Amino acid sequence: MNTAHVVLLKDGAPKDWMRAAQIADRASPTLGRADATRVCRFGHGLILIPLTQAEAEKVAGELSAGGFAAEALALSEVVVAPKAFSILRADLNAEGLSIQADASGQASLLPWPVLRILHLAFVKPTGGRVILPDAKIDESRAEALATAMLDEQSQTSTLETLGEIGLLAASMGLAAVGGPRLLTTLAAHRTLEEIASPGTVPVGSAPPAAPSKDPEVWLELLALEPLLRLRIRRHAFRYDYLGERRLATGRANFRLLVKDVAEGAAQAARTGLIEAVLKGAEPDQTRQVREEKDHELALTALLTREKRYGLPRAADSNPG
């Protein structure tokens, strides 16, 4: 069986996306100019269109020869952004974030060193988890990608049922002890989602809500092993942990939170609007709004690049 492959650009979306698109178009009989242009400009460095291994390797080789470091990856190597858990409150201390993550009321600790990416974005929620770079991609190709990804995921081993424990608590427990391999964790996520009671929400996390029509500021905290994603929504988080430091407005408290998280997880890559907010900028500018599908693709590309190469950590870099 010829496994579907995609192409990953080491440095993210190329600045000279027009030239990168020309190279990709010439190298691939599958990619048309429109497809190549979209994925090079808006794909965040991930050409997420299924190709044969030989074709993906040719595209990656020619992009690299043209000055855009790239490699071909099997779809199983793409780290798809996992389900986000929106947390309403947390205690921040020297060890990490302490979150009440299950129905027993017991707090779980997420150690700072586990976090690999801090990402801040102004997102228009839609409720979807579409990671394709553009809805205009032709239907047969979109279906081929979805089928190939399901085939790849079915190859991962499934863990035994972990009991009636919340998925968030289980993931944080794995993080606290170092976590298993990435693919094993993905299997655990699926197992736990299957046994979760309908309507059950871990204590301290936000209940499912209808998609908002208004953009929201999201701080995403991402770990790789285990694969875990916590989301803090600026308008919904309770800033009790600040105590006497708490200020009069949610905006001001959010800036303190971002600063505290950035200092605690100093080893994590800072992407999206993190650096801008740390310097005092407001993240909710119209020109910075992203559709949720684009946000999901950005996180998938960032997680995949982090796993393969490690994202830049310099304070003045912004790989997102």
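Start with the open sheet of three strands, ordered β2-β1-β3 and paired antiparallel. Its edge strands are β2 (46–51) and β3 (70–74), each of which pairs on one side only. On average, and with direction ignored, neighbouring strands in this sheet are turned by 25 degrees against each other. Keep in mind as you look around that this is a predicted model.

Now follow strand β1 (residues 5–9), which runs antiparallel to β3 and is joined to it by five bridges. If you want a landmark in that pairing, find Val6, which stands opposite Leu73 in β3.

What about the helices in this part of the chain? Helix α1 (residues 17–27) packs with helix α3 (residues 53–65) at an angle of about 145 degrees, and their axes are 9 Å apart. The contact is made by Ala20, Ile23, Ala24 and Ala27 on the α1 side, and by Lys58, Val59, Glu62 and Leu63 on the α3 side. Residues three or four places apart in an α-helix point the same way, because there are 3.6 residues a turn. As for handedness, α1 passes α3 in a right-handed crossing.

Helix α2 (residues 33–42) has its own set of buried residues: Asp35, Ala36, Arg38, Val39 and Cys40. After α2 comes His44, and its phi is positive, near 60 degrees.

Further along the chain there is another open sheet of three strands, this one in the order β5-β6-β7 and again with antiparallel pairing. Here β5 and β7 take the edges with a single partner strand each, so one side of each is left without a neighbour in the sheet. Strand β6 (residues 96–100) pairs with β7 over five bridges, in the antiparallel sense. A handy place to check the register is Gly96, which stands opposite Pro111 in β7.

Just past that sheet, look at the loop between β7 (107–111) and β8, where you'll find Val114. Is Val114 buried or exposed? Its relative accessibility is 16%, and since buried means under 20%, Val114 counts as buried. Val114 also gives you a link to a distant stretch of sequence: its C-alpha atom is separated by 8.6 Å from that of Pro226, although the two residues are 112 apart along the chain.

That brings us to helix α7 (residues 250–264). With 15 residues, α7 reaches 21 Å from its first C-alpha to its last, close to the 21 Å expected at 1.5 Å a residue. Which residues of α7 are buried? They are Ala252, Asn253, Phe254, Leu256, Leu257, Val258, Asp260, Val261 and Ala262. These buried residues pack against a mix of strands and a helix: β5 (91–92), β8 (115–124), β9 (216–223), β10 (228–233), β11 (269–272) and α8 (274–278). So β5, an edge strand in the sheet with β6 and β7, turns up again here as a partner of α7.

Finally, zoom out to the whole protein, which has nine helices and twelve strands. Of its 320 residues, 51% are buried. If you take the contacts between residues at least 6 apart in sequence, 76% of them join residues at least 24 apart. The accessible surface comes to about 14,900 Å², and carbon and sulfur atoms account for 51% of that.

Terms used: Residues are numbered from 1 along each chain as its sequence is written. This is a predicted model: local features need pLDDT of at least 70, side-chain atom pairs count only at pLDDT 80 or more; totals for chains, interfaces and linings use all residues. Side-chain values use heavy atoms; hydrogens and water are left out. Helices (H or I, at least four residues) and strands (E, at least two) are DSSP runs, numbered from the N terminus. Buried means under 20% relative accessible area, exposed over 50%, partly exposed in between (1.4 Å probe, protein chains only). Contact means heavy atoms within 4.5 Å. Accessible areas come from the Shrake-Rupley method with a 1.4 Å probe; for residues, only the protein chains shown count as cover. The expected span of a helix is 1.5 Å times one less than its number of residues. Two strands pair if DSSP finds at least two bridges between them. Axes are lines fitted to C-alpha atoms, for helices over the stretch in contact, and angles run from 0 to 180 degrees between N-to-C directions. A crossing is left-handed if the near helix is turned anticlockwise from the far one by less than a right angle, and right-handed if clockwise.
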